[in-house]
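Hi,

Here is the structure I said I would pass on. Have a look at it first, and my notes follow underneath.

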Amino acid sequence: MESIVAANMRARPARTFISVLAVAIGVILMLIVGGIVSGTLNEYLNRTIGVGADFMLQQSGGSVFYAFSGATLPVKLEQRIKEVGGVGAVTPILAKFSASDFGLVFGIDLKSYNEFPGKLEIISGRSSLVGDEVIVDELYAKLHQLQPGMPLTVLNHKFTVSGICRPGAVVRIFVPLPTLQELNGTPDKATIMFIKAAPGTDIGAVESALRSAYPGLDLRSTKDASLLLADTKMPGMQEFQFTVILVSMLLSFMVVLVAMYTTIFERTREIGILKSLGASRGFIVGMILKETVIISSLGVLFGIGISEIARAAIIRAFPTLQVSMTFSEVLTACALGLMGGALGALYPAFKAARMDPVTALTYE
Amino acid sequence: MAEAPAEHIIRTIDLSMIYRSGRVEVPALRNVDLMVAPGEFVAIMGPSGCGKSTLLHLLGGLQQATKGQVIIEGIDIARLSDGERTAIRRRKVGFIFQRFNLLPTLTAMGNIELAKKIHGNGQATPYRSEEIIDMLGIADKINFRPVELSGGEQQRVAIARALINHPAIILADEPTGSLDSRNSKQVLRILRNLNEKLKQTIVMITHDPEAASMATRIVEMRDGQILNHSGHLTYEPELEGLF
């Protein structure tokens with residue numbers, strides 16, 4: 001049998017298409033904007049872990065997103081930490097956010113940094129980081145068409161590219177620690193200390209020793225699962241994600257509400273006919289909700305498809321950008337897209353169900 | 001909703017309907033007592049605004065009466081909630097309208113099947129769609145949409161839709177009002193056949209004496225009241241269209 005729901009959708013193709021598109025845009029917004037943020041942060045956290053440190057020592061209340069932490073740790077702490085039993089390697093890092101690169105710049109001591117498993121693997125140029133030298137990773141070099149020996153302005157300071165390292169390092173731009181300290185106006189200060197336990201030592205014992213040695217500082221284990229959830233703890237992150245979801249849902253909700261509300265007026269007489277045939281309120285509400293669910297489902301599928309294409313295009317155009325699109329994120333976008341549409345249809349559906357049949361039948 | 005055995009398939013007792021617009025009250029029906037036996041074909045005639053359509057709407061449970069009873073197969077639907085009246089309408093009533101009222105997005109078959117779907121698994125046994133379609137001579141039109149059908153064809157589809165669930169009562173609101181004389185005759189012949197051969201109870205509103213003459217009884221209304229049940233008209237229906 002020809003479905004009244006399908007027939008209604010087919011009879012108003014422009015309205016159906018606009019509704020599908022609105023739901024799709026909501027889904028795209030959720031997946032792409034949310035995906036870029038969480039993808040970039042997750043990648044960053046993974047690369048932090050990839051340094052190969054066992055612990056990270058920061059000021060109390062410091063964030064794993066170093067840009068939110070000040071440069072408060074004295075560099076001379078490095079030597080004292082090394083004296084703690086079981087500690088194998090320590091390297092001080094000064095992190096500073098570069099707005100022009102939309103990423104962090106690390107001021108490092110190359111020698112101590114390279115004692116870690118995630119050391120900088122130079123694939124072009126020299127492994128040198130002194131004075132005004134800068135090491136960038138391969139993706140950054142490719143994006144900015146850099147070669148060793150070329151000038152590069154970072155944080156309004158002119159550097160010369162000494163080497164290009166393999167991607168996967170914690171950040172994409174490395175400058176000498178003293179240079180960044182000077183640029184930052186924080187001489188002899190660092191943001192964080194990466195710490196590696198000596199081979200064969202009990203990590204738990206090292207952690208206990210560090211905690212008792214520096215009770216006033218934050219010590220994080222990179223094995224701590226909560227580190228990977230740190231993006232949710234980033235200041236403003238939950239609010240941002242909530243806003244993206246709210247805007248996306250509102251978009252689906254409003255467009256479906258307006259489309260369905262208009263449709264109900266257009267179909268007043270048809271609703272009267274249905275009522276004269278004995279259609280119950282539930283039948284009429286169900287008919288409108290079914291139509292909305294189909295529209296929302298098409299919108300969700302369309303949105304996921306476009307998001308996948310957009311994601312591939314973004315990664316291709318901006319190799320340093322990561323767009324996360326996990327199964328759970330897609331599932332959440334689906335659920336919220338459907339929910340936004342269904343909520344938008346509820347009022348028109350109940351309004352239609354409550355219509356007086358005689359008034360509806362005489363509607364011109 | 002216990003159904004008492006009914007001598008009359010339709011009975012209204014002291015039925016009144018008053019429309020209110022702010023403080024103004026407009027009586028549409030005044031103490032109407034009407035009885036229709038099973039298998040009767042009753043035509044209701046009267047000038048515009050005499051309450052014919054209101055009476056039909058109340059009989060079909062589309063509206064709630066201000067006062068009185070509307071008893072359909074032993075059930076007083078005037079006392080029922082909107083949902084209960086809808087259920088009665090679904091099970092017992094088939095409507096035919098002057099303007100056909102087919103859903104424009106569905107084909108003829110879609111319209112007929114929709115009525116079947118709305119009826120669901122009610123008590124009456126629906127006809128097979130093919131039986132009705134053949135009986136009404138619209139087999140070659142079932143895949144057409146209303147806009148592709150003539151007025152007569154649309155009305156025959158509307159009759160098929162009204163009949164498909166085997167309703168106890170057909171309520172027809174000026175079924176020939178939008179048709180030319182040839183199609184009017186065809187539709188009236190169909191209604192008469194349904195009444196004679198299938199003993200279908202029909203209540204039809206009409207301005208057309210020729211249409212009314214097809215009925216087994218004519219009820220005349222004026223000013224919201226039934227004047228007589230005799231079949232003898234006390235007004236000149238031909239003058240209707242002039243005013």
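Which residue of β9(A) does A:Val136 stand opposite? The partner is A:Ile173. Before I go on, a word on the basis: this is a predicted model, where local features need pLDDT of at least 70 and side-chain atom pairs count only at pLDDT 80 or more, while totals for chains, interfaces and linings use all residues. Residues are numbered from 1 along each chain as its sequence is written, and chains are lettered from A and ligands numbered from 1 in the order in which they are written.

Some terms for names like β9(A): helices (H or I, at least four residues) and strands (E, at least two) are DSSP runs, numbered from the N terminus. Two strands pair if DSSP finds at least two bridges between them.

**Chain A: β6 and its surroundings**

A:Val136 belongs to β6(A), which covers residues 133-137. Five of the five residues in this strand are buried (20 or more other C-beta atoms within 10 Å of the residue's own; exposed is 12 or fewer, partly exposed is in between, and C-beta atoms are placed from the backbone). A:Glu133, A:Ile135 and A:Asp137 point one way, with A:Val134 and A:Val136 pointing the other way. β6(A) runs parallel to β8(A), residues 157-165, and five bridges join the two; one of the partnerships is A:Glu133 with A:Thr160. With β9(A), residues 173-176, the pairing is antiparallel, over two bridges.

β9(A) turns up again around α6(A), residues 177-184. In that helix the buried residues are A:Leu177, A:Thr179, A:Leu180 and A:Gln181, and their cover includes β3 (87-98), β4 (103-108), β9 and β10 (189-190) of chain A. After the helix comes A:Gly185, with a positive phi near 75°.

**Chain A: two helices, and the side facing chain B**

α11(A) packs with α12(A), residues 327-353, at an angle of about 150°, and the axes are 8 Å apart. (Axes are lines fitted to C-alpha atoms, for helices over the stretch in contact, and angles run from 0 to 180 degrees between N-to-C directions.) That angle makes the two helices roughly antiparallel; the label is for angles over 145 degrees, with under 35 being roughly parallel, 65 to 115 roughly perpendicular and the rest oblique. The crossing is right-handed, meaning that the near helix is turned clockwise from the far one by less than a right angle (anticlockwise would be left-handed). By class, their contact has 18 nonpolar, seven polar and one charged residues. Here Ala, Val, Leu, Ile, Met, Phe, Trp, Tyr, Cys and Pro count as nonpolar, Asp, Glu, Lys and Arg as charged, and the others, Gly among them, as polar.

How many residues of chain A are in contact with chain B? There are 18, and they meet 19 residues of chain B (contact: C-beta atoms, placed from the backbone, within 7 Å). On the chain A side, α1 (4-11), α10 (268-276), α11 (281-317) and α13 (357-361) each give two or more residues. α1(A) gives the most, with four. That side divides into 11 nonpolar, four polar and three charged residues.

**Chain B: sheets and helices**

One open sheet in chain B has four strands in the order β2-β1-β4-β5, with antiparallel pairing. Its edge strands are β2 (24-36) and β5 (75-76). β4(B), residues 67-72, pairs with β5(B) over two bridges, and B:Ile71 stands opposite B:Asp76 there.

Another open sheet has six strands, ordered β6-β7-β8-β3-β9-β10, and its pairing is mixed. β6 (93-96) and β10 (225-228) of chain B each have a single partner strand, so one side of each has no neighbour in the sheet. Neighbouring strands are turned by 25° against each other on average, direction ignored. Within this sheet, β3(B) and β8(B) run parallel, joined by four bridges, and B:Ala43 is partnered with B:Met204.

α5(B) lies across β6 and β7 of chain B, at about 170° to β6(B). The axes of α5(B), residues 151-163, and α3(B), residues 108-119, come within 8 Å and cross at roughly 20°, which makes the pair roughly parallel. B:Ala108, B:Asn111, B:Ile112 and B:Ala115 of α3(B) meet B:Val157, B:Ala160 and B:Arg161 of α5(B).

Cheers

Key:
Contact = placed C-beta atoms within 7 Å.
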